[in-house]
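This report looks at how two chains meet and then turns to two places inside one of them. The sequence and the structure come before the description.

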There are 2 protein chains.
Amino acid sequence: MAENKLGRDIPRKYADQYGVFEGELAHIKSYKESSRQVKPVKPSDDKLLSSIHEAIEKTGLKDGMTISFHHHFREGDYVMNMVLDEIAKMGIKDISIAPSSIANVHEPLIDHIKNGVVTNITSSGLRDKVGAAISEGIMENPVVIRSHGGRARAIAADDIHIDVAFLGAPSSDAYGNANGTRGKTTCGSLGYAMIDAKYADQVVIVTDTLVPYPNTPISIPQTDVDYVVVVDAIGDPEGIAKGATRYTKNPKELLIAEYAAKVITSSPYYKEGFSFQTGTGGASLAVTRFMREQMLKDNIKANFALGGITNAMVELLEEGLVDKILDVQDFDHPSAVSLDRNAEKHYEIDANMYASPLSKGSVINQLDTCVLSALEVDTNFNVNVMTGSDGVIRGASGGHCDTAFAAKMSLVISPLVRGRIPTFVDKVNTVITPGTSVDVVVTEVGIAINPNRPDLIEHFKDLKVPQLTIEELKEKAYAIVGNPQPIQYGDRVVALIEYRDGSLIDVVRNV
Amino acid sequence: MAENKLGRDIPRKYADQYGVFEGELAHIKSYKESSRQVKPVKPSDDKLLSSIHEAIEKTGLKDGMTISFHHHFREGDYVMNMVLDEIAKMGIKDISIAPSSIANVHEPLIDHIKNGVVTNITSSGLRDKVGAAISEGIMENPVVIRSHGGRARAIAADDIHIDVAFLGAPSSDAYGNANGTRGKTTCGSLGYAMIDAKYADQVVIVTDTLVPYPNTPISIPQTDVDYVVVVDAIGDPEGIAKGATRYTKNPKELLIAEYAAKVITSSPYYKEGFSFQTGTGGASLAVTRFMREQMLKDNIKANFALGGITNAMVELLEEGLVDKILDVQDFDHPSAVSLDRNAEKHYEIDANMYASPLSKGSVINQLDTCVLSALEVDTNFNVNVMTGSDGVIRGASGGHCDTAFAAKMSLVISPLVRGRIPTFVDKVNTVITPGTSVDVVVTEVGIAINPNRPDLIEHFKDLKVPQLTIEELKEKAYAIVGNPQPIQYGDRVVALIEYRDGSLIDVVRNV
C-alpha cells in the first residue's frame, strides 16, 4: 500500500502503474505527444458504409481493442448501446471502452460486462445502475475515472490509445465532415468527440443526417474520419436536455447562489473583462442570475464564459454582458443552436483546449473564477463528486479538479446537509479534487475561505456574508444530522480515481 | 543513377534516400503519424515575449535545428527575414528552413546561405534572385521542392520535423489564439501555417495586432502555441496581393479561357453540385468568368470551389453560384476578408485537408475539375512549373501535382509559345506533374486530350473546340519558334523534386 500526498491509501500495484498524487503540478513535464496509425484515403475511396456491422468489419475491430464514444447526447445517446450490441452479436470480446462519460441510458452495458464483451472502462462518471453494478464489483479490472482534462491528457499521452472511435454526429457529409449544430439530434459542441477524432487510429462517424459535401461548420474534419455510417437515429433530443435544470426556487439554494455571486462580484477578479464558469446545477444557474444583476448595476462585462454551456450563459452573451462563450459541451437545446446563431462569439473548443494539463495552455488557465458543486467536502477542503454517502459510485469527475486548480478563484457550493446526510465531513469518501485547489466553500449558512488563500481572507474581511471555518461548517452539519456512520467497504478496488495529471488521487472499493 | 517511372535520372544516393517515383499511388501506405514534443503550459505561465530575440532564446533554438514559416503574406512577408536576421546576429548556424514557400522578398536569404546560417531548404517554390542563386549552386545540399500536399505529407510523416515554427499572424491574443482575418496585415486563410502549428515542437506566433483574450475566429489555437511576440509590422498588405491578377484582356488568353470553360461545362462532371478549382493566373480568372456565364445560362450551381482563393470566387459565392468555398490561401484582400464576412460558407481549411496524399481524405479527392498552368508540357503530358527554358529555378510546385492527380478531370492551360519559347516540347526540363495525372491540355489553337482518358475522348468527340494530339501541339509550337536548344546543365544537383508521395520525380542540376 502506498499513501499519496492526501494520505489516501493506494494499493501498491496501482501506485506503481499510475504513480500517486503528489501535488497539482508534480507530474507535469515535457512529453512526446501520442500519434495515430493512419490509413490514407485515396481519391477513389468511399467512406460511406451501410451499417454499424460493416463499420466494425471494415475497421478490423477485434478482441482486446479500445473503442471510444462521446457523451454529448447525455441521457439521449443511442450510439454506445447500438455499437456494443453489434459487437456482442459479432462475438467480439475483451473490449476496453473509453467514452468521455457514461449515463443512465447505458444500462445495457451491465450485461456486456457480465458477458465478457467489455472488460475495461475509463470514464468521467458512472450513474445509477451502472455505477451501482460497478460498486458491487462486477468487473475484474477497476474502472479508471478521469476528469475531462485528465481524459484529454491521457489520450495525448497515449495512456488511452483508441483503436476505433465511434462518434455520433448530428450531421455529416459522406466524407466525414461533421458537426453537432445541424440535423435531427443537435447537441451543439462536439468538444469531447473532437479529441477522439484527432487521436484515434480509426474514426467512424455515426449520423442520422447525411448532408451534401462539404458539410459546414466543420467540428470534426474529414481528415480525422475513416468511415461514415447512416442510421435511423443516433439519439433522443429530449434525452440530451434531460436533467438540464431550471432556475431553482429552493430558498436554501437561492441563498447559496446569492452568497456565491457576492463572493465573485466582490472579489479582486471581478472587473471589466473578467471570466467565469458557473456550471449547470440549479444553484449554479442562480449564481449566473445574481451575477447578471450585479454586472448590470456595475456596468461590468466579462470577456468570456466557459464550460458546459446552458441557455443562461447564452442570454448573457446575447445581452452583451459576456463577450464570448467558449463551449466544450451544451446542456440544453438553446445553447446548442446558439453555436450556429452566434457563431462569431459562441465558439466550440475541444477538451484539450478546455482543460488538459498537458496542453500548451488550456482555457481554464485563463479563467478568473469557477463555481463547482460537491457531494462531500472535508475539513481539508477535499471534494468528492463521485461516490454517495453509501460509498456507491454515482457521480462524475467532469471538469471539477481541472477548473478548481486552474481558475484564479474556485468556489465550491453546497448545502450543509442533504436530507439526513452531511455534506461537510471529516474525510470525504472519495477525493476528486484536492483541497489545495479549492479557494472558497459556499453554503447557506456562510462561506469558508481556504487558509492557504490569506490574500482572499484579507480581501473578504468586510464582506457581508457570514464567514466560518471549514471545521465550523462540518460541526454545524454534524449538529443537524449527527455524525455519519463509516461505510463498510470490501477489499476489492472497483475504481481508480486519477487526478488530472494521471496519478492516483484515490481508489474506490466495493460495497 | 536510378531511373524513375518517367525515365528521369535520379542520382543513386538520393534515390536510395527518398525512393523514386513509381506511379501516383505506389508509395501511399498506412503509417504512424508524426507527433510533437510538448512543453505543457501551466496556469501561471505567460506566453508573451518582448522580441524575436527573446523567442529564439526561450525556444532554445540552436545549430542544426529546423524552423518553419508560412507564405500567406506572399511578397509582403516580413517575418522570415526578421527571424533569419536575428538568428544570424545571434551566431546560430546550420539551420534548416521549411517555409511553405519562398518569395522574391526573401532575397536576404542568399546571404544567410552564403554565411552558413541556412544550410538546408525545403519549399514549394523559389523565385527570381533566390531561385537563380540556388540554380548557380550556392548551396551544398540541394533544396527539396515539395508540393503543398507533399509538404503536409512530409510533416505528417516526420520527413520534416519542425523544431520551431515562427508563424506570422495578423491577429493574436497573448495566449496565441490567432487568425488571418483581423488586424493590420490581413492575409485571410492561415491554411499552410495551421499544419506547422499542429506538428512543430514549438510554435512562436509573431503578430503586429494583439487583441484581448480570447481572439476569435481561431485559426491557430492556443493549444498549438508556445510563445507570442508582438512586433511593429509582420508584413506589407500591398505585398500580399502583389501579382494577384486582374481579368486578362489578352485575346490569346481569353481564347484559352473560353476553350477551358467549354471543356468544363461540356464535361460529364458539369452538373448541379459540381466542384472546381480555377487558380489565379490571368487566364484562370477568365475561365471562372466564362464558367459563370454558362452556369447562369444552365442554372447550374457548384457545391464548392477550392484552392487559393481570389475575389472572382468570392463573387460567385455571393452570387449564389457556388455554395461554399474551401480556402487554404487567399490571393487578394477581398477574398481574405470574405472569410469573416461569409464565415458560414467561406471556410478555412489546412494544407493537410486541402491536399495531403497521406491524410484520411483531402478535399482535392472530392474535386471534379481543376485548371492548372504550365511553363512547359511535353508529349507525355508531363508538366513543368518549376524551371524556365534556361533551366533556372523560378517557379513553385504549389498544388499542381496534387490537384492534377486527385481531381476527376484536370485541365492544364497554356499558350503554345511564350515570346520565342515553346511551351510544348519533347521533354520538359523538370517534371512537377506526371503526364498520367493530366487529362486535358488547353491552348489557344485547341485542346489535346490525354489518350489515357478514352472516356473523355469519346465524350468530347463533338465538342466545338479544335482537338489535336499533344504531338501536334508541340509541332505547332516548334513551327512558330523553332526547336529549342538543349540546356547545358552542370553535374551538381541543386534541387530535388519530390512527388507528393515523397519519392523523387526529378532533380534540377546547376546551370
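Two strands are said to pair if DSSP finds at least two bridges between them. In this predicted model, β4(A) and strand β3 (residues 31-32) of chain B pair in the antiparallel sense, over two bridges, and within this pairing Gln37(A) stands opposite Lys32(B) in β3(B).

The strand pairing belongs to an interface in which 58 residues of chain A are in contact with 58 residues of chain B. The size of an interface is often given as the accessible area lost when the parts come together; for chain A and chain B the buried area is about 5,000 Å², and carbon and sulfur atoms give 54% of that area. The table collects the values for the interface.

| Item, chain A and chain B | Value |
|---|---|
| Area buried | about 5,000 Å² |
| Share of that area from carbon and sulfur atoms | 54% |
| Salt bridges | six |
| Residue pairs in polar contact (both at pLDDT 80 or more) | 40 |

One of the six salt bridges between the chains joins the side chains of Asp226(B) and Lys360(A), with an N to O distance of 2.8 Å. On the side of chain A that touches chain B, at least two residues each come from β3 (31-32), β4 (37-38), β13 (202-207), β16 (302-309), β17 (322-330), α13 (351-355) and α14 (400-406) of chain A. The residues of this side of chain A comprise 26 nonpolar, 18 polar and 14 charged ones.

Within chain A, Ser147(A) lies in the loop between β9 (143-145) and α6 (148-156). Is Ser147(A) buried or exposed? Its relative accessible area is 1%, so Ser147(A) counts as buried, the cut-off for that term being under 20%. Leaving aside residues up to four places away in sequence, Ser147(A) touches Ser397(A), Gly398(A), Cys401(A), Asp402(A) and Arg500(A), and with Asp402(A) there is a polar contact between the two side chains at 3.0 Å.

A second place in chain A is helix α11 (residues 311-319), whose buried residues are Ala312(A), Met313(A), Val314(A), Leu316(A) and Leu317(A). An α-helix has 3.6 residues a turn, so residues three or four places apart point the same way. The cover over the buried residues of α11(A) includes β15 (274-277), α10 (282-298), β16, β17, α12 (333-341) and β18 (346-348) of chain A. Just after α11(A), Gly320(A) adopts a positive phi of about 85 degrees.

Note on methods: Residues numbered from 1 in each chain as written. Chains lettered and ligands numbered in written order. Predicted model: local features only at pLDDT ≥ 70, side-chain atom pairs only at ≥ 80, totals over all residues. Heavy atoms only, no water. Contact = heavy atoms within 4.5 Å. Buried area = accessible area lost by both parts, 1.4 Å probe. Salt bridge = Lys/Arg side-chain N within 4 Å of Asp/Glu carboxyl O. Polar contact = N/O pair within 3.5 Å; in protein donor to acceptor, adjacent residues only side chain to side chain. Helix = DSSP H or I, 4+ residues; strand = E, 2+ residues; numbered from the N terminus. Nonpolar A, V, L, I, M, F, W, Y, C, P; charged D, E, K, R; others polar. Buried < 20%, exposed > 50% of the residue type's maximum accessible area, 1.4 Å probe, protein only.
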